[in-house]
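Here are some notes to read with the structure open beside you. Take the points one by one and find each residue as you go.

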Amino acid sequence: MALLDWITPGDSLRLQGDGIEIRPPRPSDFPEWADLRRASRDFLQPWEPTWPEDDLTRAAWRRRLASYARDIDLGVAYPFFVFRKTDGALTGGITLSNIRRGVAQMGTVGYWCGSGFTRQGLTLAAVRTLSRFAFRTLALHRLEAACLPGNAPSRNLLGQAGFQEEGLARAYLKINGEWRDHVLFGQVAPPPHGDGPGELLSI
């Protein structure tokens, strides 16, 4: 393992879920991440903001990691990569971002999955694991998520993960170069001591 992997902020933050592990990105993840994103570009681009021209370069990767480290240090976002337990393969990513404290105590969940790992329950397991982390470890009260109205797999996934559909936001996010409507979802923390998916290993 590269030396930088040992000093990356938040590196010890590892969560276990059903068939998956999620942890913050490390410098040494770059080749696998870049290969997966490159191979999945046509699959992902319709659902994501337009990729910068240098998005898959090492320079952009270093900037990305620096931003991740600052967010974790400030407690405003927690980015994770999703790994399949059976073989350790990187399957996608999931992020808890826009964390608001005070009277809100909420955050926003976003995720992506490589084209070769869809419909295997891996992203669903990651969302459930992240939700438990948000509610039990970070003591958030509410989680929010959004997806394009035509993204049926994502709508179904959020429903299975315990989110409820709450409405439609017009021109909510700029996706693939256009301002697009999004369906909004929310989930409120379960009562204390309730069973939940995933397990926190260390923080």
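1. Let's begin with a ring. Phe-30 is buried, because its relative accessibility is 8%. Keep in mind throughout that what you're looking at is a predicted model. Phe-30 shares helix 2 (residues 30-39) with Trp-33, and the two are three residues apart, about one turn of the helix. Trp-33 is buried too, since its relative accessibility is 2%.

2. How are the rings of Phe-30 and Trp-33 arranged, and how far is it centre to centre? By the pairing rule used here, the protein has six aromatic pairs. Phe-30 and Trp-33 make one that is tilted, with 6.3 Å centre to centre and 40° between the planes. Now widen the view a little: Phe-30, Trp-33, Trp-61 and Phe-81 form one aromatic cluster.

3. Stay with Trp-33 and see what is around it. Setting aside residues up to four places away in sequence, Trp-33 touches Asp-55, Leu-56, Trp-61, Arg-64, Phe-81, Leu-90 and Trp-112. Trp-112 has a visitor of its own: the charged end of Arg-37 sits over its ring, 4.6 Å from the centre.

4. Asp-55, one of the residues touched by Trp-33, deserves a stop. You'll find Asp-55 in the loop between helix 3 (41-44) and helix 4. Is Asp-55 buried or exposed? Its relative accessible area is 10%, and buried means under 20%, so Asp-55 counts as buried. Beyond its neighbours within four places in sequence, Asp-55 is in contact with Trp-33, Arg-37, Ala-60 and Arg-64. For Asp-55 and Arg-37, 18 residues apart along the chain, the C-alpha atoms are separated by 9.6 Å.

5. Next, look at how two helices meet. The axes of helix 2 and helix 4 (residues 58-74) come within 11 Å and cross at roughly 110°. Why call helix 2 and helix 4 roughly perpendicular? Angles from 65 to 115 degrees get that description, so the pair qualifies. Helix 2 brings Phe-30, Pro-31 and Trp-33 to the contact, while helix 4 brings Arg-58, Trp-61 and Arg-64.

6. Helix 4 has another residue worth finding, Leu-65. Leu-65 is buried, because its relative accessibility is 15%. Which residues does Leu-65 touch, not counting those up to four places away in sequence? They are Pro-25, Arg-26 and Pro-27. Leu-65 and Arg-26 are 39 residues apart in sequence, yet 7.6 Å apart in space from C-alpha to C-alpha.

7. Let's move to a second aromatic pair. Phe-80 has a relative accessible area of 2% and is buried; Phe-133, with a relative accessibility of 2%, also counts as buried. The ring centres of Phe-80 and Phe-133 are 5.9 Å apart and their planes are at 85°, so this pair is edge-to-face. Phe-80 lies in strand 3 (residues 78-84) and Phe-133 in helix 5, so the pair ties together parts that are 53 residues apart in sequence.

8. Now for the core. The largest nonpolar core has 49 residues, and Ile-22, Trp-33, Phe-80, Ile-94, Leu-96 and Phe-163 touch the most other members. Helix 5 (residues 122-137) gives the most to this core, with nine residues.

9. Two backbone angles are worth a look. Most residues other than glycine have a negative phi. Asn-98 has a positive phi, near 50°, and Gln-105 has a positive phi of about 50°. Asn-98 is in strand 4 (residues 90-100), and is partly exposed with a relative accessible area of 45%. Gln-105 is in the loop between strand 4 and strand 5 (106-113), and counts as partly exposed at 22% relative accessibility.

10. Finish with a loop and the whole protein. Gly-177 sits in the loop between strand 7 (164-175) and strand 8 (178-188), and is partly exposed at 44% relative accessibility. Gly-177 and Pro-46 are 131 residues apart along the chain, but their C-alpha atoms are separated by 9.4 Å. Overall, the protein has six helices and nine strands, and buried residues make up 44% of its 203 residues. Among contacts between residues at least 6 apart in sequence, 61% join residues at least 24 apart.

Note on methods:
Residues numbered from 1 in each chain as written. Predicted model: local features only at pLDDT ≥ 70, side-chain atom pairs only at ≥ 80, totals over all residues. Heavy atoms only, no water. Core = buried A, V, L, I, M, F, W, Y, C linked by side-chain atoms within 4.5 Å. Buried < 20%, exposed > 50% of the residue type's maximum accessible area, 1.4 Å probe, protein only. Helix = DSSP H or I, 4+ residues; strand = E, 2+ residues; numbered from the N terminus. Contact = heavy atoms within 4.5 Å. Phe/Tyr/Trp six-rings, centres within 6.5 Å; stacked < 30°, edge-to-face > 60°. Lys NZ or Arg CZ within 6 Å of the ring centre and 35° of its normal. Axes fitted to C-alpha atoms, helices over the stretch in contact; angles between N-to-C directions. Parallel < 35°, antiparallel > 145°, perpendicular 65-115°, else oblique.
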